[in-house]
Amino acid sequence: MMGSDLFMNKKIKNLLSTLLLTIFISSIGNYATGVQASAIDNISTISTIAKNTPKYLLGNTSEDWNAVSIINNRPLYDFNNKLIAYSVDLKNKINDEKAYVIVSVNEEDEPIIEFAIGHFSPYDKVDENSQTCIYDGVLSYYSKQIQASTTKYYDINKNYELGDLAAQDLISSSKNKRYTSLNPIKSKETRNKLMSTNNINNADVSNTKAIINNLATASTSKILSVPRYQWYKGCAPTSAAMVIKYNYSSSYVSTVSSTTLIAKLATNMYTNSAGSTYTTNLPSGVIATMVAYGVSSHCYNDTSGSGKAGNTFAEYCSEINSNKSLEVSLFGNTTPTTAYPSGFGDHSVAGIGYSTYNGSYEIVNDTSVSDGAIYCNYNSSSFGTPWYTYFH
């Protein structure tokens with residue numbers, strides 16, 4: 001699909017949305033296997049899932065979200081112009097509180113990829129008349145603008161234009177993305193529940209019992225009061241500063257300004273001028289920084305290396321239950337290049353909590369003060385490949 005066609009489709013959708021026109025979505029291919037994956041066939045299904053999400057994830061604490069308005073419903077494409085999700089901005093009719101949900105169009109993937117309360121999605125900043133919204137996995141937001149014969153890509157989080165090499169890396173790695181969860185049958189069941197308002201009030205939480213038992217806790221959610229800092233020098237040092245400020249709040253480092261701490265971490269982690277950091281440099285960078293402030297710390301990456309097999313959801317929750325924040329590095333794009341051996345599109349965030357109410361969600365602080373706590377679906381294909389860094 002050419003860029004001009006994308007813009008024309010969007011204009012048509014906006015004109016007819018008030019008439020509740022059903023928009024059909026073509027099937028999305030599973031690029032890794034060549035098998036065609038089932039896709040949602042109409043926009044009303046997306047809207048229903050999005051409106052039911054707050055109550056479905058928050059349970060009895062979400063009574064105020066019984067009445068919800070949809071403010072925005074934006075299609076999200078990958079770097080190869082395939083429709084993969086919708087970003088839906090919500091508003092609470094009772095108290096006007098904002099929220100957003102990113103809903104996968106693939107029936108075999110987890111329906112809710114991301115969820116947050118308190119603000120609209122990052123795509124709210126994008127001019128839909130001139131730009132296409134691109135989603136490259138959890139917390140990875142981009143846009144594309146075509147002017148004449150020139151195509152430009154922008155990183156929404158960092159608010160800057162991607163270079164040609166970076167854009168080509170993302171386009172290349174996007175071709176190999178899978179859009180199915182590890183358990184497609186369960187994902188379809190979840191989608192069916194979200195499409196029925198009656199099922200939301202009496203949601204089945206049996207899927208989370210095994211996880212809860214393994215964690216030896218009756219609680220289905222926990223959030224730590226970790227500070228939020230705006231991106232500065234790089235996502236890895238910015239996220240590390242959030243974790244340090246919480247985990248070492250009783251030490252001298254609590255008096256150091258966030259920007260000073262981030263700058264020191266960036267230097268010791270060998271973060272480059274573009275803000276990229278090798279995950280292997282995180283522990284030594286944190287330890288060196290803490291020593292400079294007279295604090296002894298034990299920081300280390302999960303010895304299993306990257307991947308969900310070693311960096312499990314239960315391990316993440318166990319750390320939060322110990323009242324310890326941790327850094328989560330997500331590798332959404334793993335195509336190696338000379339400049340980026342682990343892939344270009346990687347991102348680090350501060351893990352601040354979890355929720356096992358109707359799913360497995362890691363709650364994180366992204367590197368934007370306006371983002372708030374974001375629920376990221378660990379079981380979704382869009383979660384990426386995690387690697388935990390512990391601060392003890």
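**Aromatic pairs, a run of hairpins and two buried residues**

In this predicted model, Lys98 is placed over the face of Phe120, at 4.8 Å from the centre of the ring. A second arrangement of this kind involves Lys308, the charged end of which sits over the ring of Tyr378, 4.9 Å from its centre.

The chain that carries these contacts comprises 392 residues, of which 54% count as buried, and its secondary structure consists of ten helices and 17 strands. Among the contacts between residues at least 6 apart in sequence, 61% join residues that are at least 24 apart. The chain exposes about 16500 Å², and carbon and sulfur atoms supply 50% of that area.

Aromatic rings also meet one another, and twelve aromatic pairs are found in the structure. A pair of aromatic rings is described by the distance of the centres and the angle of the planes. For Tyr123 and Tyr141 these values are 5.6 Å centre to centre and 80 degrees between the planes, and the pair is edge-to-face. The pair links distant parts of the chain, since Tyr123 belongs to the loop between β6 (112-117) and β7 (131-135), whereas Tyr141 is in strand β8 (residues 141-147), 18 residues apart from Tyr123. With buried defined as under 20% relative accessible area, Tyr123 counts as buried because its relative accessibility is 0%, and Tyr141, with a relative accessible area of 1%, is buried as well. Elsewhere, ring pairs link Tyr300, Tyr316, Tyr388 and Tyr390 into a cluster.

The strand that holds Tyr141, β8, has five of its seven residues buried, and it is therefore largely enclosed by the rest of the structure. Strand β8 pairs with β7 in the antiparallel sense over five bridges, and in this pairing Thr132 has Lys144 of β8 as its bridge partner. The two strands form a hairpin with five residues between them, and Gly137, which lies in the turn, has a positive phi of about 110 degrees. Strand β8 also pairs with β9 (residues 150-155), again in the antiparallel sense, over six bridges; here the bridge partner of Ile146 is Thr151 in β9. Strands β8 and β9 likewise form a hairpin, with two residues between them, and Ala148 in its turn has a positive phi of about 55 degrees.

A further buried position is that of Thr389, which is located in strand β17 (residues 385-391) and counts as buried because its relative accessibility is 0%. The side chain of Thr389 makes a polar contact with the side chain of Asn301, at 2.6 Å. When neighbours within four places in sequence are left aside, the residues in contact with Thr389 are Leu282, Cys299, Tyr300, Asn301, Leu326 and Glu327. Of these contact partners, Tyr300 is also one of the members of the tyrosine cluster described above.

Asp169, in helix α3 (residues 164-174), is a charged residue for which the relative accessible area is 11%, so that Asp169 is buried under the same cut-off of 20%. Asp169 and Phe79 are 90 residues apart in sequence, and their C-alpha atoms are 9.9 Å apart in space.

Conventions:
Residues are numbered from 1 along each chain as its sequence is written. This is a predicted model: local features need pLDDT of at least 70, side-chain atom pairs count only at pLDDT 80 or more; totals for chains, interfaces and linings use all residues. Side-chain values use heavy atoms; hydrogens and water are left out. Rings of Phe, Tyr and Trp (its six-membered ring) pair if their centres lie within 6.5 Å; planes under 30 degrees apart count as stacked, over 60 as edge-to-face and the rest as tilted. Helices (H or I, at least four residues) and strands (E, at least two) are DSSP runs, numbered from the N terminus. Buried means under 20% relative accessible area, exposed over 50%, partly exposed in between (1.4 Å probe, protein chains only). A charge sits over a ring if NZ of Lys or CZ of Arg is within 6 Å of the ring centre and within 35 degrees of the ring normal. Two strands pair if DSSP finds at least two bridges between them. A polar contact is a pair of N or O atoms within 3.5 Å; within protein, one must be able to donate a hydrogen and the other to accept it, and residues adjacent in sequence count only if both atoms are side-chain atoms. Contact means heavy atoms within 4.5 Å. Accessible areas come from the Shrake-Rupley method with a 1.4 Å probe; for residues, only the protein chains shown count as cover.
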